[in-house]
Amino acid sequence: MVNVRARVPFKVGLKSNISADLLSFNELESGKEHVALVFRDADKRNEAPLVRMHSECLTGDVFHSSRCDCGEQLDETIEKMGEEGGILLYLRQEGRGIGLYNKIDAYELQSQGMNTYEANNHLGFGDDLRDFTEAAQMLKALGMTQIRLITNNPKKIRELEELGISITEVVGTKAHVKDGNENYLKTKASHGKHRFHFD
Ligand SMILES: Nc1nc2c(ncn2[C@@H]2O[C@H](COP(=O)(O)OP(=O)(O)OP(=O)(O)O)[C@@H](O)[C@H]2O)c(=O)[nH]1
Ligand SMILES: [Zn+2]
């Protein structure tokens, strides 16, 4: 059974001024080193915590690439959870599960005119290879079966419910539009049915 391996306090965020605990886990079957950040001891309070399942995006999270909105969503989540508390699952599912090098291949195809899903399909992958089983196991390891989920993605909501996590509220992220990611966000909305909340 998945259980917590280590819990260490540190500070995070763009100014390194937000306190959080970083957790690692035992028995994750995929062998992927997923981690959780727990803000304001959200797992110890007697209420449904804010939760974000963030899929790894090296290009967006680290380099703040113009092609997507992942880094901004991550920063927004850290800020929000620093204030309100919450649990951020950082899932090692780069490129919606196809891996970094395949995502870079997909970006090449997108530079030639394909959209994000067409590029995946052209490489022989489905639209989205992610599976949230381990995310649900991590939440259960923290004793969490009722949560408030931060997402615009209906697939995440559906799958997490199916995995036995009850979602009492869905909280959208902002639409982080910038030069270069407009088509990506539009395609997520039209094809992936993501719900964006424009300011
Ligand atoms: N294959 C592929 N993956 C991408 C691309 N752009 C971003 N990603 C990956 O997509 C994942 C983020 O998923 P999104 O579909 O953008 O958003 P989401 O996290 O499912 O939905 P939200 O919870 O609403 O943010 C990360 O793993 C990124 O690496 C792309 O063009 N191709
Ligand atoms: Zn990204």
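In this predicted model, T116 touches Q110, Y184 and T187, setting aside residues up to four places away in sequence. T116 is part of helix α4, and it counts as buried because 23 C-beta neighbours sit inside 10 Å, where 20 or more are enough. The UniProt annotation "binding site", from an unreviewed entry, takes in T116, along with others including R52, S55, E94 and T151.

Helix α4 also holds A119. With 22 other C-beta atoms within 10 Å, A119 is buried too. Beyond its neighbours within four places in sequence, A119 is in contact with A106, L109, Q110 and M114. The C-alpha atoms of A119 and A106 are separated by 5.1 Å, although the two residues are 13 apart along the chain.

Next comes ligand 1. There are 22 residues around it, and S55, C57, T151, N152 and N153 come nearest. Helices α2, α3 (100-111) and α4 (116-122) are the elements that give two or more residues to this shell. By character, the shell around ligand 1 splits into 11 polar, six charged and five nonpolar residues.

C57 turns up again in the UniProt record, where an annotation "binding site" (unreviewed entry) covers C57, C68 and C70. C57 sits in the loop between β4 and α1 (58-62), while C68 is in the loop between α1 and α2. Are these two loop residues buried or exposed? C57 counts as buried, since it has 23 C-beta neighbours inside 10 Å. C68 is buried as well, because 23 C-beta neighbours lie inside 10 Å of it. Leaving out residues up to four places away in sequence, C57 touches C68, C70 and E94. On the same basis, C68 is in contact with C57, G60, N181 and Y184. Y184 thus links back to the opening residue, as T116 touches it too.

R52, another of the positions in the UniProt "binding site" list from the unreviewed entry, lies in strand β4. Its 25 C-beta neighbours inside 10 Å explain why R52 counts as buried. Away from its neighbours within four places in sequence, R52 is in contact with T77, G86, L88, L89 and I150.

One of those contacts, L89, leads into the nonpolar core. The largest such core has 32 residues, and those with the most contacts inside it are A36, V38, V51, I87, L89, A135 and L139. At least two core residues come from each of β2 (18-26), β3 (35-39), β4 (50-55), α2 (70-84), β5 (86-91), α5 (133-141) and β6 (146-150). Helix α5 supplies the largest share, five residues. As for V38, its contacts are A20, D21, L23, D43 and I87, not counting residues up to four places away in sequence.

Which strands pair with β2? Strand β1 (residues 3-12) pairs with β2 in the antiparallel sense over nine bridges, and three bridges join β2 to β3, also antiparallel. L23 of β2 appears in both pairings: it is the bridge partner of R7, and its bridge partner in β3 is A36. The hairpin of β1 and β2 has five residues between the strands, and there G13 takes a positive phi near 95 degrees.

How values were computed
Residues numbered from 1 in each chain as written. Chains lettered and ligands numbered in written order. Predicted model: local features only at pLDDT ≥ 70, side-chain atom pairs only at ≥ 80, totals over all residues. Core = buried A, V, L, I, M, F, W, Y, C linked by C-beta atoms within 7 Å. Buried ≥ 20, exposed ≤ 12 C-beta atoms within 10 Å, placed from the backbone. Helix = DSSP H or I, 4+ residues; strand = E, 2+ residues; numbered from the N terminus. Contact = placed C-beta atoms within 7 Å. UniProt positions renumbered as here; feature names shortened; annotations may be inferred. Pairing = 2+ DSSP bridges. Near = placed C-beta within 6 Å. Nonpolar A, V, L, I, M, F, W, Y, C, P; charged D, E, K, R; others polar.
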